[in-house]
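Work through the following exercises with the sequence and the structure side by side, and try each task before reading its solution.

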Amino acid sequence: MKLRISHIEKTYSTNETGRRLRIINDLSLEIEGSELVCLVGPSGCGKSTLLRLIAGLEQPDSGDIQVDGQPIDGPHADRGMIFQDYALFPWRSVQKNVEFGLEIRGVPARDRGGVTAKLIHMVGLAGFENRFPHQLSGGMRQRVAIARALAADPKVILMDEPFASLDSQVRKQMQHELLRILQEARKTIVFVTHSVEEAVYLGDRVVVLTGRPARIKADYRLDLPRPRDPLDERFIAFRRLVLGLLERPDPVAG
């Protein structure tokens with residue numbers, strides 16, 4: 001699997017006069033299969049917009065995005081998105097929320113039970129199949145969202161600050177669980193976060209974006225072995241490198 005983003009531009013209209021605000025400027029990026037790529041950058045720089053473009057929820061003004069050579073022209077089951085607010089169906093149980101991913105794939109009802117049970121077990125929620133979202137903690141709801149995304153068997157999973165609303169202890173647990181789940185599922189992940197420490201802990205690559213309009217400022221491949229220790233000298237050095245880059249003035253677009 002390869003995700004290829006080629007020279008995309010994105011602008012939004014800001015008021016009734018038709019003035020356009022450029023959000024993304026000539027951004028190109030290639031991501032290989034089974035990579036976990038973390039996007040970091042200043043608040044409001046366009047990270048979430050980039051995810052929405054990859055998801056097909058919006059279209060770029062120019063340039064194109066392809067999955068395995070096929071242009072993205074709208075939402076598709078080959079891309080799953082996980083939001084910060086979970087976006088679960090409150091009227092559906094854990095089992096029925098996860099089954100929704102199978103419904104998207106057109107899996108017959110008689111064949112959904114085994115797959116759903118396996119995914120619920122994978123994310124550590126066996127025994128909670130009949131609970132509803134309001135009966136679950138934030139971390140548990142995010143596990144349901146991950147299982148539902150995996151049920152659709154996407155090639156790419158897009159995660160928009162999925163752990164930002166969790167307290168620090170639960171967030172660290174979910175980071176660890178995400179790595180465990182994805183090691184088993186072998187999916188390509190594009191993960192947006194404001195936390196440099198989270199990016200260095202999770203990412204195979206850390207891509208740093210400039211302030212708006214977003215461009216690629218740096219693209220680092222991490223050679224730190226897993227599991228990663230935030231107190232390890234190499235971890236600390238890389239975190240400082242990324243933080244320092246974020247604090248430097250952005251290069252002027254040519």
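**Exercise 1: Locating a residue**

Ser 6 has its place in strand S1, which spans residues 2-13; strands (E, at least two residues) and helices (H or I, at least four) are DSSP runs, numbered from the N terminus. The model is a predicted one, in which local features need pLDDT of at least 70 and side-chain atom pairs count only at pLDDT 80 or more, while totals for chains, interfaces and linings use all residues. Residues are numbered from 1 along each chain as its sequence is written, and side-chain values use heavy atoms, with hydrogens and water left out.

Task: find which residues Ser 6 is in contact with, leaving aside its neighbours within four places in sequence.

Solution. Start from the rule that contact means heavy atoms within 4.5 Å. Applied to Ser 6, with those neighbours left aside, the rule gives Leu 27, Ser 28, Gly 63 and Asp 64. Then turn to Gly 203, which lies 197 residues from Ser 6 along the chain, and note that the C-alpha atoms of the two are separated by 22 Å.

**Exercise 2: Salt bridges of strand S1**

Task: identify the salt-bridge partner of Glu 9 and that of Lys 10, and decide whether each of the four residues is buried or partly exposed.

Solution. First, recall that a salt bridge is a side-chain nitrogen of Lys or Arg within 4 Å of a carboxyl oxygen of Asp or Glu, a rule by which the count comes to 21. Second, the side chain of Glu 9 meets that of Arg 22 at 3.6 Å, N to O, and this pair links strand S1 with strand S2 (residues 20-32), the partners being 13 residues apart. Third, use the accessibility classes: buried means under 20% relative accessible area, exposed over 50%, and partly exposed in between (1.4 Å probe, protein chains only). Arg 22, at 42%, therefore counts as partly exposed, whereas Glu 9, at 18%, is buried. Fourth, Lys 10 pairs with Glu 58 at 3.8 Å, N to O, and Glu 58 belongs to the loop between H1 and strand S4 (62-67), 48 residues from Lys 10. Lys 10 is buried because its relative accessibility is 9%, and Glu 58 is buried at 17%.

**Exercise 3: Helix H1**

Task: explain why helix H1 is described as largely enclosed by the rest of the structure.

Solution. Count the buried residues of H1 (residues 47-55): seven of the nine are buried, so the helix is largely enclosed. They are Lys 47, Thr 49, Leu 50, Leu 51, Leu 53, Ile 54 and Ala 55. After H1 comes Gly 56, whose phi is positive, near 85°.

**Exercise 4: The nonpolar cores**

Task: state how many residues the largest nonpolar core has, and which helix gives the largest share of this core.

Solution. A nonpolar core is a set of buried Ala, Val, Leu, Ile, Met, Phe, Trp, Tyr and Cys residues joined through side-chain atoms within 4.5 Å. The largest such core has 49 residues, and those with the most contacts inside it include Leu 36, Ile 146 and Val 206. Its largest share, eight residues, comes from helix H4 (residues 138-151). Apart from this core lies another, of 27 residues, among them Cys 45, Leu 50, Val 67 and Val 156. In soluble globular proteins, nonpolar side chains tend to be buried together.
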